[in-house]
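Hi everyone, thanks for making time. I'd like to walk you through a structure that's new to most of you, so have a look at it first.

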Amino acid sequence: MEKTVTIIGAAALPVGKWQTPPDAAVQVLEHEVLARLVLQAAAEAGIEKGDIQGMTFAQPRPYTAQKYFATFMAHYLRLPCAGNISEVLGNGMTGGFAFEHAANDILLGRSKVSLALGVNFETAVTAREHMMSSMRAVGDVDFQAPFGITPIAWYAMDATRYIHDHGSSREELATVAVKNRRHAELNPLAQFRTPITLDDVLAQPMIVEPLGLFEVPPRSDGAVCLVLAEEEVARSLGKPYVRVRGRGFYHEGAHQISEVPNDMTALAAARTAGRQAYEDAKIAPTDIDLAEIYAPCTIVEVLAGEALGLTPTGRGARYAAEGRTSLGGDIPICTSGGLTSRGHPAYITPLYSFVEAFEQLRGTASERQVSGAELALTSAELGNYNAALVHILEGVH
């Protein structure tokens with residue numbers, strides 16, 4: 001019989017500023033933070049530490065002093081594993097790949113219980129060092145990076161094009177940031193929870209025209225541990241769990257900024273990966289109750305929502321302005337607060353999306369609970385959505 005992967009436990013550090021400067025007298029150590037979350041997630045799942053047979057880590061930022069982090073953590077936890085111990089890396093998709101790798105160990109019969117986990121510390125690193133690293137990730141390091149283009153710059157170009165093509169406006173796009181902050185107010189894991197208005201968003205300094213400070217992601221620290229299990233294990237625990245019902249992945253063979261002409265706002269990879277996920281789950285986009293989209297900027301949430309069939313093409317920003325992507329709306333998107341307000345510890349951001357979906361589908365999301373939520377979608381991106389990873393998740397009670 002074909003195996004099915006489930007999520008049975010989760011623990012996460014509230015997103016914020018946790019990293020200590022190198023010269024601080026007392027240091028916050030990544031492995032200590034993550035070890036506590038492993039124990040919390042295992043306890044919530046109702047398993048013993050010894051039940052864990054595999055661990056796949058989102059590779060830490062290069063700023064993390066400890067190298068070979070996965071094997072170090074196995075030692076620190078005194079946790080021998082017969083399934084797998086590894087780290088994965090894939091830019092913004094890193095946390096999603098960690099989830100995939102842990103799930104595959106279960107599907108291949110190498111493990112009955114595996115962890116997908118990671119820690120991302122970056123806030124005490126100088127802006128200069130962090131930006132130099134980011135620019136080297138964009139486009140060709142020899143021909144594009146020297147001109148100083150940043151990830152926010154390519155999203156800003158998308159926003160300008162979208163406004164031009166669809167008669168939208170900066171104001172309409174900015175309502176996404178207001179909506180996400182309203183959701184974040186209800187999320188104890190969110191980095192920014194102070195209410196904001198549309199006027200507040202429009203009054204912020206411009207980062208890259210037409211995106212201002214509240215419309216782009218902050219630098220964030222965070223840590224997450226998810227407990228994945230074969231469904232047979234999940235059923236034996238006698239508690240609600242979340243089943244992975246479908247998945248899709250597609251890489252269009254382009255590296256973030258490409259010289260090959262295309263429709264820059266179509267997010268073709270997300271369309272393909274989303275179609276695969278829906279077909280795998282045997283559902284339609286209209287069946288989805290909520291979505292946690294990897295969207296560093298307001299425009300990305302709009303474009304990804306359209307590409308995934310959650311909102312009509314050219315009307316995603318209008319849907320946000322009309323409240324249709326808010327809690328209580330047609331299709332709540334980023335009920336966690338999204339990357340602009342929940343925060344964006346990039347290498348593990350996709351793992352936070354799974355945490356939110358896990359809570360929503362078990363009915364434990366408190367004030368931000370989507371009523372009757374049964375199916376959720378998560379997405380992760382690599383670059384300007386030149387690759388997309390999509391999962392369809394289902395609550396089982």
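So, what covers the buried residues of α2? The cover includes α1 (30–45), β2 (54–58), β3 (84–88) and β4 (113–120). Cover here goes by contact, which is heavy atoms within 4.5 Å. The helices and strands are DSSP runs numbered from the N terminus: H or I with at least four residues for a helix, E with at least two for a strand. α2 itself runs over residues 69–76, and F69, A70, M73 and A74 are buried there. Looking down the axis of α2, those buried residues fall within an arc of 140°, so they line one face of the helix. That arc is taken from the directions from the helix axis to the C-beta atoms. Buried, by the way, means under 20% relative accessible area, with exposed over 50% and partly exposed in between (1.4 Å probe, protein chains only). After α2 comes R78, with a positive phi near 55°.

Quick word on the source: this is a predicted model, where local features need pLDDT of at least 70 and side-chain atom pairs count only at pLDDT 80 or more, while totals for chains, interfaces and linings use all residues. Residues are numbered from 1 along each chain as its sequence is written, and side-chain values use heavy atoms, leaving out hydrogens and water.

Next up, α5, residues 151–166. At 1.5 Å a residue, its 16 residues should span 22 Å, and the end C-alpha atoms are 23 Å apart, which agrees. That expected span is 1.5 Å times one less than the number of residues. Buried residues of α5 include W154, Y155, D158 and Y162. What do the buried residues of α5 pack against? Their partners are α6 (170–184), β5 (206–208), β6 (211–212), α10 (298–307), α11 (316–321) and β10 (375–382). Just after α5, G167 takes a positive phi of about 65°.

Last stop, T349, which sits in helix α13 (residues 349–362). Is T349 buried or exposed? T349 is buried, with a relative accessible area of 0%. Leaving aside residues up to four places away in sequence, T349 touches Y294, L339, R342 and H344.

That's my tour; happy to go back to any part of it.
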